[in-house]
Amino acid sequence: MKEHETVVQLSIPADAQFIDVARLTLYGLAAKMGFSYEEIEDMKVAVSEACNNAVLHAYNGRGGIIHLRFEMRADALSIIIKDEGKGFDYKRVSKQAAPLSAKPLEDVKAGGLGLFLMEALMDDVTVTTKGGTEVRLTKFRHRGEGEHAHDCISPSSVQEQA
């Protein structure tokens, strides 16, 4: 663990009915860190997409586990979504899907856009497909107008309380 970092870990069944548990956990942590409502909603959509990909593709309907790791730093929140199912060729898939504007509508396949949605909603997205799939989503804190008035937790304040 990095200095001044607080980590919360959660494992859920790879079943659609448990994705809301990941979203609720994210909401609680992001709100405590002082992220805006809009930033939290963006993160919730991105996390839902990553978890949904694990549910649909990782285990071929045989059940499994999705591991979530929330890394809280003073300047950012990173959410790592990891499954141990079958991976995929991220580079090949990303080359095939872009750009959509150049394709006729009838040639556009449904699905597969979740990664691009995650990239649009988060500040940084990395995908590793070795030994399953790991998606790392990072949102940086942007201080300024509209910042929450309540005291926000930060990794250093959590450590001071311990």
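A polar contact here is a pair of N or O atoms within 3.5 Å, where one must be able to donate a hydrogen and the other to accept it. With that in hand, here are five close-up views of this predicted model.

**View 1. Ser48 of helix H2 and its polar partner, Arg23.** Ser48 belongs to helix H2, which spans residues 37-58. The side chain of Ser48 meets the side chain of Arg23 in a polar contact at 2.8 Å. Leaving out residues up to four places away in sequence, Ser48 touches Ile19 and Arg23. Is Ser48 buried or exposed? Ser48 has a relative accessible area of 15%, and because buried means under 20%, Ser48 counts as buried.

**View 2. His57, also in helix H2.** Helix H2 holds His57 as well. With a relative accessible area of 49%, His57 is partly exposed. Look across to Thr133: the two residues are 76 residues apart in sequence, yet their C-alpha atoms lie 10.0 Å apart in space.

**View 3. The five-stranded sheet, seen strand by strand.** Five strands form an open sheet in the order S1-S2-S3-S5-S4, and their pairing is antiparallel. Which strands stand at the edges? They are S1 (5-13) and S4; each has a single partner strand, so one side of each is left without a neighbour in the sheet. From one strand to the next, the twist averages 15°. Follow S1 along S2 and you will find nine bridges joining this antiparallel pair. Pro13 stands opposite Ile65, a residue of S2.

**View 4. Helix H2 against the sheet.** Here H2 lies across three strands, S2, S3 and S5. The helix runs at about 10° to S3.

**View 5. The largest nonpolar core, with Leu77 picked out.** This core has 34 residues, and Leu68, Leu77 and Ile79 touch the most other members. Several elements give two or more residues to the core: helices H1 (19-33), H2 and H4 (114-121), together with strands S2 (65-73), S3 (76-83), S4 (124-128) and S5 (133-140). Which element provides the largest share of this core? That is H2, with nine residues. For a closer look at Leu77, set aside its neighbours within four places in sequence: its contacts then include Leu26, Ala30, Met33, Phe35 and Met43. Also in contact with Leu77 are Phe70, Glu71 and Met72, along with Leu137, Thr138 and Lys139.

Conventions:
Residues are numbered from 1 along each chain as its sequence is written. This is a predicted model: local features need pLDDT of at least 70, side-chain atom pairs count only at pLDDT 80 or more; totals for chains, interfaces and linings use all residues. Side-chain values use heavy atoms; hydrogens and water are left out. Helices (H or I, at least four residues) and strands (E, at least two) are DSSP runs, numbered from the N terminus. Buried means under 20% relative accessible area, exposed over 50%, partly exposed in between (1.4 Å probe, protein chains only). Contact means heavy atoms within 4.5 Å. A nonpolar core is a set of buried Ala, Val, Leu, Ile, Met, Phe, Trp, Tyr and Cys residues joined through side-chain atoms within 4.5 Å. Two strands pair if DSSP finds at least two bridges between them. Axes are lines fitted to C-alpha atoms, for helices over the stretch in contact, and angles run from 0 to 180 degrees between N-to-C directions.
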